[in-house]
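Reader: I should like to examine the basis on which the contacts in this model are named. Please set each value against its criterion.

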2 protein chains.
Amino acid sequence: MTDTRVERKERTRRAILDAALALSGESTLVALSLRQVAKEVGIVPTAFYRHFASIEELGLALVDEALDTLRVLLREIRRSAGHDYRDIIDGSVAVLVEQVRAHHAHFGFIARERFAGPTAVRQAIERGIELCERELAVDLSHLPGTDRWSDQDLRTLSALIVGAMVTTAERLVAVEPGSAVELRIADTARTQLRMMLIGVQRWRSNS
Amino acid sequence: MTDTRVERKERTRRAILDAALALSGESTLVALSLRQVAKEVGIVPTAFYRHFASIEELGLALVDEALDTLRVLLREIRRSAGHDYRDIIDGSVAVLVEQVRAHHAHFGFIARERFAGPTAVRQAIERGIELCERELAVDLSHLPGTDRWSDQDLRTLSALIVGAMVTTAERLVAVEPGSAVELRIADTARTQLRMMLIGVQRWRSNS
DNA sequence: ACCTTCGGTGTACATCCGTACACCGAAACT
DNA sequence: AGTTTCGGTGTACGGATGTACACCGAAGGT
């Protein structure tokens, strides 16, 4: 009574999304049944259709949300960046750890569905990651040492870094926050970033 | 009649493994039913139990085989290695492309189940990849320029390279052999390896 | 005040699932 | 030759799944 009909609808839509995200964490979207989700939410199975036509469509909505937090991650990294290489690296990894902690369900979801999800979901994720690579490539072009790089080399380095960060995120989600293992993973990530960026100063496009 | 009982058994076991590998390519192991596999093989569902206690156990057998071809990949790379950095890189990527072509079902399987598979399968894959990192670290220690590296830094670089190669493999399986895209992926992989290895000459452990 | 819209309900059904059980027939052993 | 082993069969079950259909009751529009 305190709320309008659209508010009610939105609320159960959220509940469905949250339940699906939580349940898919136990295995995968493709192993998730409409009835499980409905039971978890506390609605009757057929009510599910008032919000989504299928689990796959639900998955696409989840991908959108997960990719949003991925973009937030990039933005936070950019915002926190110092100008010294050391600062950039330390700051980026700190932000990564923090964001994965705060939204580990989303990162786990991306890792799981990236190769195992329904086709449409996979494609959506791949497009999102590609977008991140493109954004990062632009950031990289503002770094000292990349003045004469070709666009393609910038993209290639970007892909390398994004790949390493995705792998790091995948490792982080499997680990408890604040643990010693988490620190080791962060340390490895910092070292890897340094290794990749050391190359930057020496690199000349085409050679 | 021409064959003994153990041969027969082994033959249908193989058929089950092959069918499961093929069918899991459409989605995931966790979305694969015992009955689907049985139907594909041409046996009655209950006959499945003569070979595996569950789909998960079947999955573990598949992991073993997939990890075998991963080890073959490493061995082939080592065998084909020149002593010049350029040779090593070109040769390694060539072997990678060739192996992924020849066993793309296995590489796809690893990519899919690595994060989305049953727990035991995920762990087995992670252990296998870790083993590859360790092996590669030893190879790296024989490279010129890594004389004074700490073991940990060798492992870290190894993890970086393995991660990039896994990502490359994941991209290769999604692409048709001999296509222009495949060439581009291989080219990117070569560049990335060069970028990583350029750092090797400049790197000093702890700094 | 009346009618419409629409999120949620309840029942129902065909299909698929894993698995238990009794059974078969030929290979393998003695 | 007689017996055992064992991969494969066939039936049968309780339970889960997607979805069609008729229905309800309150919010929302007129």
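Author: A salt bridge requires a side-chain nitrogen of Lys or Arg within 4 Å of a carboxyl oxygen of Asp or Glu. In this predicted model, two salt bridges are counted between chain B and chain A.

Reader: Why is the pair Glu133(A) and Arg171(B) called a salt bridge?

Author: The side chains of Glu133(A) and Arg171(B) come to 3.0 Å, N to O. The cut-off is 4 Å, and Arg and Glu are among the residue types admitted, so the pair qualifies. Polar contact between chain B and chain A counts six residue pairs, both partners at pLDDT 80 or more. The elements of chain B that give two or more residues to the side touching chain A are α5 (104–116), α7 (151–173) and α8 (180–202). By class, that side of chain B holds 14 nonpolar, ten polar and ten charged residues.

Reader: How do you know how much area chain B and chain A bury between them?

Author: The size of an interface is often given as the accessible area lost when the parts come together. For chain B and chain A the figure is about 3,000 Å², with 65% of it on carbon and sulfur atoms. On the side of chain B, Phe115(B), Met195(B) and Trp203(B) lose the most area to chain A, together 22% of what that side buries. In terms of contact, 34 residues of chain B meet 34 residues of chain A.

Reader: What makes the approach of Lys9(B) to DNA strand D a polar contact?

Author: A polar side-chain atom of Lys9(B) is placed 3.3 Å from a phosphate oxygen of DNA strand D. The limit for a pair of N or O atoms is 3.5 Å, so the term applies to Lys9(B). A side-chain N or O atom of Thr12(B) likewise lies 3.3 Å from a phosphate oxygen of the strand. For Val44(B), a backbone N or O atom is 3.0 Å from a phosphate oxygen of DNA strand D.

Reader: Which residues come nearest to DNA strand D?

Author: Of the 19 residues around DNA strand D, the nearest are Arg35(A), Tyr49(A), Thr12(B), Arg50(B) and His51(B). Sugar and phosphate make up 51% of the strand's atoms that come within 4 Å of the protein. Both α2 (34–41) of chain A and α1 (5–24) of chain B supply at least two residues each to the surface near the strand. That surface divides into seven nonpolar, seven polar and five charged residues.

Terms used. Residues numbered from 1 in each chain as written. Chains lettered and ligands numbered in written order. Predicted model: local features only at pLDDT ≥ 70, side-chain atom pairs only at ≥ 80, totals over all residues. Heavy atoms only, no water. Near = heavy atom within 4 Å. Polar contact = N/O pair within 3.5 Å; in protein donor to acceptor, adjacent residues only side chain to side chain. Helix = DSSP H or I, 4+ residues; strand = E, 2+ residues; numbered from the N terminus. Nonpolar A, V, L, I, M, F, W, Y, C, P; charged D, E, K, R; others polar. Contact = heavy atoms within 4.5 Å. Buried area = accessible area lost by both parts, 1.4 Å probe.
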